[in-house]
Amino acid sequence: MRRFSAGDCLPSDGGALLVGRAWVPAEAGPCVIAVRGDDAVDLTRAYPTVSHLLNVAKPADVRAAVERAPRLAGLDDVVANSAEGQRDGERPWLLAPCDLHVVMASGVTYVASLLERVIEERTRGNPALADGVRREIESIVGADLRGVKPGSPEAARVKEVLTARGMWSPYLEVGIGPDAELFTKCPPMAPVGFGARVGIHSASVWNNPEPELVLVVNSAGAIVAATLGNDVNLRDVEGRSALLLGRAKDNNASCAVGPFFRLLDERFPLDAVRRVSFETVVTGPDGFRIAHTTRVGEISRDVADLAAQAIGARHQYPDGLILFVGTMFAPVDDRGAAGSGFTHKVGDVVSISAPELGTLINEVATCDQAEPWTFGTGALMANLARRGMLGA
């Protein structure tokens, strides 16, 4: 990948309150960082983990901490050093902004992805059959289900029609039924950040990025920040059986998050999150390019409802969670033979960009070529303890 600068990843709003994480070789571990002007500043002494920060601090507390925090490095230098395979091992680079958070995802929350998940299931992961099945489904329900509210009487009528035609599926159940699909994407500490490689399984022949808005929810169930994410998916694996979801979703480097968490405040309230639109661009070493715009306002379930279904009186997350809210990016453009649809090639670069949240950029590799995940929760606690960061 090319050399990056801070302008490649920052939101266009200069007043955004941004926190994240950086690997700091001098500490042999991560630091909690924030953006202050042209600098990355170190918040670790005040907040040893991002999870802790979001559980205990209000935006005003964070702003005050940012003002008095010591400078870690120039932001341009940190961002420029973040491309995997090109890093200077003696200087900091960006990590995913999440640390102890549970990494969860919701699926089938946009109509486009709803129909594509049904197609994967009915073709059993065979991309050559997708176009014919797509036409068959659309002949029954039409190409647009955006007017159908999940759990409504109209949704029940759609279910009745499709069941009578032998076309009902688990994906339609979670797409227009009362309960959202919620699953664990990967373990805490596993996501990669800006500039890292994202992984696809070497055996997969039909896969794609899933660019998504990501909610950041604290232990009290409050949505406290937002960011961007890539929920990499193996369509051929999930298409063989919905029970293979874990195999399709949780692989080395198969989850990217970043570049920073933007905290909700008076300049960026929850309603602004609901209005976010972001562009996804995939460019390949073969000259292929595809672009798509996602409008969060077109989601079939409100983002607050998704968060409330994930955490509450029946399910707690003491360290908080991040929640991918689903994708409407379901590319069908042929990259090879007619009818073959889209799949990744090694060397693709995926860029997900929103003016309010910045840009997440990652290069595609196979999972065994991406950097192995070696620094987990135990390593983090040991590192923070050695640095004297875990005192009362």
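**Aromatic pairs, an open sheet and helix 6**

Both F4 and F194 are buried. In this predicted model, a search of the whole structure finds three aromatic pairs, and F4 and F194 form one of them, with an edge-to-face arrangement, 4.8 Å from centre to centre and 65 degrees between the planes. F4 belongs to the segment before strand 1 (18-24), whereas F194 is located in the loop between strand 7 (181-186) and strand 8; the pair therefore ties together parts that are 190 residues apart in sequence.

A further aromatic pair consists of F288 and F342 and is tilted, with 5.7 Å centre to centre and 35 degrees between the planes. F288 lies in the loop between strand 14 (277-283) and strand 15, and F342 in the loop between strand 16 (321-324) and strand 17 (349-354), so this pair ties together parts that are 54 residues apart in sequence. F288 and F342 are both buried. An aromatic ring also takes part in a contact with a charged group: the charged end of R262 is placed over the ring of F268, at 4.4 Å from the ring centre.

Several of the strands named above belong to one sheet. Five strands form this open sheet, in the order 8-18-17-14-15, and their pairing is mixed. Strand 8 (197-200) and strand 15 (289-295) are the edge strands, each of which pairs on one side only. On average, neighbouring strands of the sheet are turned by 25 degrees against each other, direction ignored. Strands of a sheet pair through backbone hydrogen bonds, in either a parallel or an antiparallel manner. Strand 8 and strand 18 (residues 358-366) run parallel and are joined by four bridges. I200 has T366, in strand 18, as its bridge partner.

Helix 6 (residues 153-164) comprises twelve residues and reaches 17 Å from its first C-alpha to its last, close to the 16 Å expected at 1.5 Å a residue. Within helix 6, A155, V158 and L162 are buried. These residues are on the same side of helix 6, because they cover an arc of only 55 degrees around the axis. An α-helix has 3.6 residues a turn, so residues three or four places apart point the same way. P153, R157, E160 and A164, on the other side of helix 6, are exposed. Just after helix 6, G166 adopts a positive phi of about 70 degrees.

How values were computed: Residues numbered from 1 in each chain as written. Predicted model: local features only at pLDDT ≥ 70, side-chain atom pairs only at ≥ 80, totals over all residues. Heavy atoms only, no water. Pairing = 2+ DSSP bridges. Helix = DSSP H or I, 4+ residues; strand = E, 2+ residues; numbered from the N terminus. Axes fitted to C-alpha atoms, helices over the stretch in contact; angles between N-to-C directions. Expected span 1.5 Å × (residues − 1). Buried < 20%, exposed > 50% of the residue type's maximum accessible area, 1.4 Å probe, protein only. Arc of directions from axis to C-beta. Phe/Tyr/Trp six-rings, centres within 6.5 Å; stacked < 30°, edge-to-face > 60°. Lys NZ or Arg CZ within 6 Å of the ring centre and 35° of its normal.
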